[in-house]
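Thanks for making the time this morning. I would like to walk you through one model, so please have it open on your screens as I talk.

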Amino acid sequence: MEKNNAENVMMKKYTSSEAAKLLRKLSEEHEALKRLENQCGTFTVSLDEKIEDVRPEYDFAEVQERLETLENRVRRVKHGINIFNTVTIVPGFDMTIDQMLVYIPQLSEKKRRLTTLAEQLPKERIAASSYVGRAIIEYRYANYDVAMAKVQLAAVSDELSKAQTALDLVNNTVEMELPEW
């Protein structure tokens with residue numbers, strides 16, 4: 001852990017994967033406090049009970065302060081991740097992490113489209129109908145080279161796999177500094 005003199009805040013190194021887990025933990029703590037607030041913020045007492053005997057333990061000011069502290073931590077962690085994502089280059093792709101987070105869904109969508117095109121038959125019989133006593137047979141033709149769609153599908157699938165693996169490697173090995181509390 002290093003001390004950042006500009007803010008007198010202790011800094012700790014995290015990978016993206018670790019930072020995501022930290023965010024999840026902070027979010028779970030925040031949700032638990034909101035549940036506590038919801039459960040204990042009010043209570044019901046019958047006429048024959050003493051209020052203090054049934055009053056749940058709850059400190060409004062303390063809960064609000066803890067919620068605010070957690071919200072501040074979430075903002076700082078997300079900000080650190082955002083900065084990291086905009087400056088960290090993913091090896092082999094000449095893109096930052098935030099660009100890869102756009103590129104991978106684009107590749108996934110392209111793979112989905114190419115899968116549909118690659119599965120198309122070059123010529124497919126689609127209907128046989130009658131027209132004034134004569135059978136009319138209709139065919140649907142692919143207006144592109146299906147074999148080329150299969151080649152492009154394989155290339156996109158490989159690129160997607162490489163991109164996901166490269167991003168996973170960065171997320172699990174490259175560290176960023178985030179404030180420690």
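What follows is a tour of some helices and a few single residues around them.

Let me begin with provenance: this is a predicted model, in which local features need pLDDT of at least 70 and side-chain atom pairs count only at pLDDT 80 or more, whereas totals for chains, interfaces and linings use all residues. Residues are numbered from 1 along each chain as its sequence is written, and side-chain values use heavy atoms, with hydrogens and water left out.

When I say helix or strand, I mean a DSSP run, H or I with at least four residues for helices and E with at least two for strands, numbered from the N terminus. Helix 1 has 25 residues, which should span 36 Å at 1.5 Å a residue, and its end C-alpha atoms are indeed 36 Å apart; the expected span here is 1.5 Å times one less than the number of residues. The buried residues of helix 1 are Ser16, Ser17, Ala19, Leu22, Leu23, Leu26, His30, Leu33 and Cys40, where buried means under 20% relative accessible area, exposed means over 50%, and partly exposed is in between, with a 1.4 Å probe and protein chains only. Their cover includes strand 2, helix 3, helix 5 (146-173) and strand 7, and that cover is defined by contact, meaning heavy atoms within 4.5 Å.

Ala20 also lies in helix 1, but it counts as partly exposed because its relative accessibility is 34%. The C-alpha atoms of Ala20 and Ile81 are separated by 8.7 Å, although the two residues are 61 residues apart along the chain.

Now to Thr15, which sits in strand 2 (residues 9-15) and counts as buried because its relative accessibility is 7%. A polar atom of the Thr15 side chain lies 3.5 Å from the backbone oxygen of Asn171; for a polar contact I require a pair of N or O atoms within 3.5 Å, and within protein one must be able to donate a hydrogen and the other to accept it, while residues adjacent in sequence count only if both atoms are side-chain atoms. Setting aside neighbours within four places in sequence, Thr15 is in contact with Asn171, Asn172, Thr173, Val174, Glu175 and Met176.

Turning to helix 3 (residues 60-87), its 28 residues reach 41 Å from first C-alpha to last, close to the 40 Å expected at 1.5 Å a residue. Its N-terminal end is capped by Asp59, a side-chain oxygen of which lies 3.2 Å from the backbone nitrogen of Ala61. Among the buried residues of helix 3 are Val63, Leu67, Leu70, Ile81 and Phe84, and what covers its buried residues includes helix 1 (16-40), strand 4 (95-96), helix 4 (97-118) and strand 7 (175-179).

How do helix 3 and helix 4 pack, and at what angle? Their axes are 5 Å apart and the angle is about 80 degrees, with axes taken as lines fitted to C-alpha atoms, for helices over the stretch in contact, and angles running from 0 to 180 degrees between N-to-C directions. The two helices are therefore roughly perpendicular to each other. Phe84, Asn85 and Thr86 of helix 3 make the contact with Ile97, Asp98 and Leu101 of helix 4.

Just beyond, Thr88 is in the loop between helix 3 and strand 3, and it is buried, at a relative accessible area of 11%. A polar atom of its side chain lies 2.7 Å from the backbone oxygen of Phe84. Not counting residues up to four places away in sequence, Thr88 touches Met95, Thr96, Ile97, Val170 and Val174.

Asp94, in the loop between strand 3 (89-90) and strand 4, is exposed, with a relative accessible area of 68%. Its phi is near 50 degrees, a positive value in a residue other than glycine.

I will finish in helix 4, where Met100 is found and counts as buried at 0% relative accessibility. Beyond four places in sequence, Met100 touches Val90, Phe93, Met95, Pro105, Ala163 and Leu167. Ile104 lies in helix 4 too, is buried at 14% relative accessibility, and, leaving aside neighbours within four places in sequence, is in contact with Leu160, Ala163, Gln164 and Leu167.

Key. Angles under 35 degrees count as roughly parallel, over 145 as roughly antiparallel, 65 to 115 as roughly perpendicular and the rest as oblique.
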